[in-house]
Amino acid sequence: MNVAWWCSSTGQVWTWRYTPFIGVWLVAGTMIGGYVYSHRRAGRALDPKRTRQWVLGVLALFIVSEWPIGQLGVGYLATIGIGRYVVYTMVAAPLLISGIPTWLVEQWFPQGSRRQRALATLTYWPIALLIFNAVLFGTHLPVSIDTLKATQLGSFTVDFLHLGAALVWWWPALRPAHERNSIQEPIRAFYLFASSVLMFVPAAFLTFSPLPLYGLYELAPPLWLSFDPVQDQQAAGIVMNVIGGFVLWGIIAVMFMRWAKEREAADTVTRRERDARTLERIAALDTDASPSDAPSATGPTQP
Amino acid sequence: MTGRSLTTHLVVALAVFGVIAAGCSPTTSTALSATGLEAQPDGWRGIPIDLDRELPDVTLLDTANEPVELGTEFLGDPTLLFFGYTSCPDICPIHLAAISSAMREVGVNFDDMDVVFVSVDPDRDTPERIDDYLANFNTRITGLHSDIEVVGEALAALDLPGPIVEGPDPRGEGDLIGHPAQVIGFDSDGQAQRVWPFGARRSDWTVDLPRIIDEW
């Protein structure tokens, strides 16, 4: 059995012979094991909802990094390559962020530590927006793809950057309101929407370029005879644009509606409180007014 | 675990992983050639041939089994000549797809230029199979075949090595055959002018094809 550490473009003819990627198993195992270990060490019970989110995030990473999807995406089809990016950034990263409880964040990034300061700097939303888009553009340049994905280390670096940048980017949008750098609507909607718009730029290059941009996919042994790298590239652009955009806009819509609902609920509470206070005031006024009215109501008091 | 030790563990783990991954990294033909061909000083992407070589003077058969004099049949138009086989999993389909799609892209048609595919696998490449194979790229690519000795003569005339059996195809489709990986360009007089090794991309051909039509 062939074994490799991470998926990379091998230039070999594609076969359906299983090639496990040991690094993928190792990373996934470390992420699950580390999560459980952190809870045990802290004497905390695993929260079912957060654990589910964390495990699903790791599972998403695992599926698109292991054979065959990892290998097809890195060495043969740009469409699957971009699909991997969409899963890394739009599925796995938000699930992982949502799966981390606040106490664990405080444990991993103790208050006042250098790590905490670094996290605070990286997740400040304008910086996070910049990092995410710099990685998006930088790692989709033809020279980056053709150079980095040809080696296991380079391919791992690209995947690491994609996940890291996506975690930094989702952090301010998904962490609870009381945490530092957390942003709320309407800035959050703008923040996410801005990235979805910027994502159109590389997607448009992929969709509308008349020539294959990536030599790696163009010169890879074709999976079928009439394979056309330009059609593959166009499909990749559509995946980035439509599926990436659709997922992101879906998330934006859900978050916005949730925020609107919370605002509405908060408004209702405020209105009820105000109404209650108003009623109390009226009642108080009635009470204040009652001594003068009392004689007429109850008759004159007898001496 | 303290904050410092966690960071240290992560850095060490990443460094170890990186070293192992780097040690396992394969270097492949695709990886080396993925950036396409370098531009030559004269702007062409194809590499000039300094030797005096002409279209080989051999007689091959087309897919209707009619004889074709390779040395004379294609005079009058520029010709791109390529030796390959229809079961080839990588070099042949990549070259043929790049050339045919670049011709469409820049508007070069088969009335202005000939593209000739000579099979180096007479055992498997029947005329029907060659026709079916070339139809995946363009039906106007000329497919030729003959006994391996005649094909070997043509290769020898161009100082190219003969085909060799490399071992079983991992897809289970018989044997892989090693063959010259370059496309050779001949001018209208049948004189070899340039070669395009494996790694020539569609973008390289879109630069060279108009010049082939204009200058050859």
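What share of the contacts in chain A with a separation of 6 or more comes from residues 24 or more positions apart? In this predicted model, such pairs account for 74% of those contacts.

Let's stay with chain A for a moment. Its secondary structure consists of 12 helices and 0 strands, so a walk from the N terminus passes one α element after another. The radius of gyration of chain A is 28 Å, well over the 19 Å that the globule rule gives for 303 residues, so the chain is more spread out than a compact globule. You can see the proportions in the box that the C-alpha atoms of chain A fill, roughly 115 × 50 × 35 Å along the principal axes. Of the 303 residues in chain A, 36% are buried.

Now turn to chain B and its sheet. Here 8 strands form an open sheet with mixed pairing, and if you trace across chain B the order is β1-β10-β9-β4-β5-β6-β2-β3. At the edges of the sheet are β1 (47-48) and β3 (67-69) of chain B, each of which pairs on one side only. Helix α5 (residues 127-135) of chain B packs on this sheet, where it touches β5 (114-119) and β6 (142-145) of chain B. The direction of α5 in chain B makes about 150° with that of β6(B).

Finally, take a look at the β1 edge. There, 2 bridges join β1(B) to strand β10 (residues 192-196) of chain B, and these two strands run antiparallel. To find the place in your viewer, go to B:Ile47, which stands opposite B:Val195 in β10(B).

Definitions and conventions. Residues are numbered from 1 along each chain as its sequence is written. Chains are lettered from A and ligands numbered from 1 in the order in which they are written. This is a predicted model: local features need pLDDT of at least 70, side-chain atom pairs count only at pLDDT 80 or more; totals for chains, interfaces and linings use all residues. Two strands pair if DSSP finds at least two bridges between them. Helices (H or I, at least four residues) and strands (E, at least two) are DSSP runs, numbered from the N terminus. Two residues are in contact if their C-beta atoms, placed from the backbone, lie within 7 Å. Axes are lines fitted to C-alpha atoms, for helices over the stretch in contact, and angles run from 0 to 180 degrees between N-to-C directions. The radius of gyration is taken over C-alpha atoms; the globule rule is 2.2 Å times the number of residues to the power 0.38. A residue is buried if 20 or more other C-beta atoms lie within 10 Å of its own, exposed if 12 or fewer, and partly exposed in between; C-beta atoms are placed from the backbone.
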